[in-house]
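Biologist: I am new to this structure and would love a close look at a single part of it. Could you walk me through that part and then show me how the rest fits around it?

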Amino acid sequence: MKSRSILLMATGMMMLFFMGACSKAEKNVTEQPDNELLTTVELKAVNTTDATDTPSAKWASIPGGSLDTSHAILNLKKNASYNVSVMFLDESKTPASDLTSEIRARGNYHLVCFNVSGGLTLAVSPTDHDSNSPALPIGLSDLLTTGAASAGRLEVILHHQPNVKTGDCAPGSIDADVNFTVNIN
Amino acid sequence: MKRFLMKVAPVALYMLLATGPLFAQNDSIVVRDLQLKLKPPLRIGLTGGGSVPTGNFAKTDYTDLRSGFAGPGFNLGLTGTYMITQHWGIAGLVSYSRYDQSGLDNLAAGYVASFAVSDATIRVKDDTHTFSYLIGGDYSLDFCHRIAIDLRAMTGLVHAQLAGYEVQLEDNVSSTFQQRSARANTIGYQIGVAARYNFNSRVGIALNFDYYYSDPDLSIENVNRANNAGRLLTRYNEPITGVNTDLSLVYTFQKNR
């Protein structure tokens with residue numbers, strides 16, 4: 001009788017253990033606690049043939065403040081080439097935080113795209129590349145090539161493309177989308 | 001001659017009668033030993049219990065590619081022990097061990113950080129398990145008729161499978177990628193001790209503690225890894241180690257004496 005009880009108890013314990021081991025969850029979701037704010041986009045250009053020609057432009061929208069586009073104007077010379085750095089900042093805190101290096105470090109799934117409109121004679125080609133295989137453009141460093149005198153808009157869009165970056169602008173989500181006025185004289 | 005026989009016969013008869021039981025006893029012992037050698041006990045055990053992985057196999061560090069993310073699981077096995085002598089025997093084991101996936105939070109959080117996304121969903125595909133086919137030696141010591149201690153060391157083939165998983169970044173289905181489950185065969189070993197209680201000459205129960213080791217070389221296929229970012233495992237060559245704590249129901253086949 002005692003032997004049977006022990007046997008039954010042992011069998012029961014083993015069954016309970018197996019049942020417990022089989023019923024584990026296979027799904028898990030985790031959320032990121034905080035994102036840094038991206039308040040400011042700057043363009044800093046250097047003429048490839050004239051180092052003293054360094055036009056720049058700044059677009060800023062600080063939370064709690066007003067949208068400041070008074071400095072979002074880029075003046076370029078006609079028929080020239082410029083090396084341009086695109087910078088992303090968080091100016092909601094003091095001192096401001098430069099997020100550009102972080103975006104560059106995560107360049108394998110970030111892409112800066114440009115749209116030219118309004119009859120602007122401007123070509124943009126990225127000069128920096130990520131470490132994907134094959135390497136894809138990031139767009140934080142670019143070559144701007146101007147044509148005849150004109151004016152228009154240059155839209156700068158930072159795409160976030162986690163595991164969907166192919167070099168095209170379409171996939172992923174948009175982290176920043178700002179417009180600059182460009183004058184070519 | 002007749003006088004000689006008359007004198008010797010009583011002496012011979014006496015010697016024969018006096019030593020007869022002795023001869024009979026010796027014959028009996030020889031026969032019994034022979035029977036033991038011809039029909040030694042065979043024990044069969046149905047074993048089950050917990051498997052607790054150890055070492056890198058059990059690590060859940062996202063940044064450490066040696067992490068196996070294996071959590072405690074269970075094992076089920078069939079053991080057979082053929083006693084060659086009173087203490088020494090040959091043991092065989094066929095067992096299945098299945099492990100839970102642990103550290104999924106770490107894994108998901110790692111991909112969240114690696115791809116700078118707001119959330120990541122991990123879905124485990126298949127499972128982590130091993131099939132073991134081992135053979136080795138058993139040393140058995142009996143105490144007080146009912147209690148025995150068994151020491152075992154076995155080696156043999158281990159078939160291992162490492163679970164795969166699917167990662168979905170945010171709600172973008174096209175970003176979903178997979179680390180496929182991987183399989184490999186290798187040589188492993190297991191050593192352990194068991195305390196056995198025999199309810200009678202045939203049925204008993206045993207509590208086993210076993211340490212196991214195998215080192216499979218697993219090649220891992222990854223699907224839809226569009227970008228070079230995040231934890232990417234193409235090979236896993238870390239030892240699968242751990243401890244089994246089992247209960248065994250033991251049945252002994254032996255000749256009635």
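To begin with a pairing: which residue is the bridge partner of B:Gly92 in E5(B)?

Modeller: Happy to help! One thing to keep in mind is that this is a predicted model. The bridge partner of B:Gly92 in E5(B) is B:Ile135. That pair belongs to a longer ladder, in which E3(B) and strand E5 (residues 128–143) of chain B run antiparallel over 12 bridges.

Let us stay with the E3 strand of chain B for a moment, and with one residue in it. B:Tyr96 sits in this strand, which spans residues 88–101. Is B:Tyr96 buried or exposed? The answer lies in between: B:Tyr96 counts as partly exposed because it has 16 C-beta neighbours inside 10 Å, whereas a buried residue needs 20 or more. Leaving aside residues up to four places away in sequence, B:Tyr96 touches B:Asn75, B:Leu76, B:Gly77, B:His129 and B:Phe131. One of these contacts, B:His129, lies 33 residues from B:Tyr96 along the chain, yet their C-alpha atoms are separated by 7.2 Å.

Now let us step back to the sheet around this strand. E3 and E5 of chain B are both part of a closed barrel of eight strands, in the order E1-E2-E3-E5-E6-E9-E10-E14, with antiparallel pairing. From one strand to the next, the twist averages 25 degrees. Chain B as a whole has two helices and 14 strands. Of its contacts between residues at least 6 apart in sequence, 70% join residues at least 24 apart. Buried residues make up 37% of the 257 residues in this chain.

A good place to look for buried residues is helix H2 of chain B, residues 104–114. Eight of its 11 residues are buried, so the helix is largely enclosed by the rest of the structure. The buried ones in H2(B) are B:Leu104, B:Leu107, B:Ala108, B:Ala109, B:Gly110, B:Tyr111, B:Val112 and B:Ser114. Just after the helix, B:Ala116 takes a positive phi of about 50 degrees.

Helix H2(B) also leads us to the largest nonpolar core, which has 32 residues. Those with the most contacts inside this core are B:Leu107, B:Ala108, B:Tyr111, B:Phe115, B:Ala120, B:Ile122 and B:Val167. Two or more residues each come from H2, strand E4 (119–125), strand E6 (147–162) and strand E7 (164–169) of chain B. H2(B) gives the largest share, six residues. As a general point, nonpolar side chains in soluble globular proteins tend to be buried together. There is also a second, separate core of 29 residues, and among its members are A:Val41, A:Ala57, A:Leu76 and A:Val86.

Those names take us over to chain A, which has two helices and 12 strands. Along the sequence, its pattern reads α-β-β-β-β-β-β-β-α-β-β-β-β-β. Buried residues account for 29% of the 185 residues in chain A. Among contacts in this chain between residues at least 6 apart in sequence, 66% join residues at least 24 apart.

A:Ala57, which we just met in the second core, stands in E3(A) opposite A:Leu43. The strands here are E2 (residues 40–47) and E3 (residues 56–61) of chain A, which pair in the antiparallel sense over five bridges. E3(A) also pairs with strand E4 (residues 67–68) of chain A, again in the antiparallel sense, over two bridges. There, the bridge partner of A:Ser61 is A:Leu67 in E4(A). The hairpin of E3(A) and E4(A) has five residues between the strands, and in it A:Gly64 takes a positive phi near 90 degrees.

Chain A also holds an open sheet of four strands, in the order E5-E12-E11-E8, with mixed pairing. Why is one side of E5 (73–76) and of E8 (110–117) in chain A left without a neighbour in the sheet? These two strands stand at the edges, each with a single partner strand, so one side of each has no neighbour there. The twist in this sheet averages 30 degrees from one strand to the next. E5(A) runs parallel to strand E12 (residues 173–184) of chain A, and four bridges join them. Along that pairing, A:Leu74 stands opposite A:Val182 in E12(A).

Key: Residues are numbered from 1 along each chain as its sequence is written. Chains are lettered from A and ligands numbered from 1 in the order in which they are written. This is a predicted model: local features need pLDDT of at least 70, side-chain atom pairs count only at pLDDT 80 or more; totals for chains, interfaces and linings use all residues. A residue is buried if 20 or more other C-beta atoms lie within 10 Å of its own, exposed if 12 or fewer, and partly exposed in between; C-beta atoms are placed from the backbone. Two residues are in contact if their C-beta atoms, placed from the backbone, lie within 7 Å. A nonpolar core is a set of buried Ala, Val, Leu, Ile, Met, Phe, Trp, Tyr and Cys residues joined through C-beta atoms within 7 Å. Two strands pair if DSSP finds at least two bridges between them. Axes are lines fitted to C-alpha atoms, for helices over the stretch in contact, and angles run from 0 to 180 degrees between N-to-C directions.
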